Amino acid sequence: MPREIDRKQTRKALRIIRKLAAKGSAPETIDPETGEMKPGEGKVDYSSWENEFLTEVDQRLEKYGSAFADLSKGRKEDALSALQTVKLKEIAAKARGKPRKGLTTKKPLGWKQRQRPNRSDDE
């Protein structure tokens, strides 16, 4: 039994994915004179995983209207799962040229005001 997916959300997701894929680099070409492989010319250099992710999600949205089947991964009426949405936002940030935020440690509350013992006085 197919589930009801909001068509507006599917169209929105497809538009975003195709826009990001268009910003990606063109496939590698072979120079006819030298026979060397030249990298494709594009604005953003996606990794192979990101290219594969964009094409597979695009195909699933075209075929099924949704890119995920397990309802525990997202809302029933959404076209993309929660994790797919996060990954698309990361790829979009890369396309805009913003650096990716790495993992950071969480500092305890009041860590700036805390007095640290002076070790030079003890010795």
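Setting aside neighbours within four places in sequence, Thr-10 is in contact with Ile-5, Leu-61, Gly-65 and Ala-79. That makes Thr-10 a handy way into this predicted model. Thr-10 is found in helix α1, and it counts as buried because its relative accessibility is 10%, where buried means under 20%.

Stepping back to the whole chain, the secondary structure comes to four helices and two strands. Read from the N terminus, the elements run α-β-β-α-α-α. The protein chain has 123 residues, of which 24% count as buried. If we take the contacts with a separation of 6 or more, 54% of them are accounted for by residues 24 or more positions apart.

Back to the surroundings of Thr-10, and to one of its partners, Ala-79. Ala-79 is found in the loop between α2 and α3. With a relative accessibility of 1%, Ala-79 counts as buried too. Apart from neighbours within four places in sequence, Ala-79 has contacts with Ile-5, Gln-9, Thr-10, Leu-61, Gly-65, Ser-66, Ala-67 and Phe-68. Take Gly-65 from that list: it sits 14 residues from Ala-79 along the chain, and the C-alpha atoms of the two are separated by 6.5 Å.

Ser-66, another partner of Ala-79, has its place in the loop between α2, which covers 48–64, and α3. Is Ser-66 buried or exposed? At 5% relative accessibility, it counts as buried. A polar atom of the Ser-66 side chain lies 3.4 Å from the backbone oxygen of Ala-79. Not counting residues up to four places away in sequence, Ser-66 touches Arg-3, Ile-5, Arg-60, Leu-61, Asp-78 and Ala-79.

Leu-61 keeps turning up, as a contact of Thr-10, of Ala-79 and of Ser-66. Its own contacts, again leaving aside neighbours within four places in sequence, are Thr-10, Ala-13, Leu-14, Ile-17, Ser-66, Ala-67, Ala-79 and Leu-80. Leu-61 also belongs to the largest nonpolar core, which has 18 residues. Within that core, Leu-20, Tyr-46, Leu-54, Val-57, Leu-61, Leu-80 and Leu-88 are the ones that touch the most other members. Helices α1, α2 and α3 each supply at least two residues of this core.

How do two of these helices sit against each other? Two packed helices are described by the angle between their axes and the distance between the axes. For helix α1 (residues 7–23) and helix α3 (residues 82–96), the angle is about 40 degrees and the axes are 10 Å apart. The crossing in which α1 passes α3 is left-handed. On the α1 side, the contact is made by Ile-17, Leu-20 and Lys-23, while α3 brings in Leu-88, Ile-91, Ala-92 and Ala-95. Sorted by class, that contact has six nonpolar residues, one charged residue and no polar ones. Two of the names here, Leu-20 and Leu-88, are also among the core residues that touch the most other members.

Not every part of α1 is tucked away like Thr-10. Ala-22 has its place in helix α1 as well, yet at 64% relative accessibility it counts as exposed, since exposed means over 50%. Ala-22 and Lys-43 are 21 residues apart in sequence, and their C-alpha atoms are 9.1 Å apart in space. Helix α1 thus holds both a buried residue, Thr-10, and an exposed one, Ala-22.

Conventions:
Residues numbered from 1 in each chain as written. Predicted model: local features only at pLDDT ≥ 70, side-chain atom pairs only at ≥ 80, totals over all residues. Heavy atoms only, no water. Axes fitted to C-alpha atoms, helices over the stretch in contact; angles between N-to-C directions. Left-handed = near helix turned anticlockwise from the far one by under 90°. Contact = heavy atoms within 4.5 Å. Nonpolar A, V, L, I, M, F, W, Y, C, P; charged D, E, K, R; others polar. Buried < 20%, exposed > 50% of the residue type's maximum accessible area, 1.4 Å probe, protein only. Polar contact = N/O pair within 3.5 Å; in protein donor to acceptor, adjacent residues only side chain to side chain. Core = buried A, V, L, I, M, F, W, Y, C linked by side-chain atoms within 4.5 Å.
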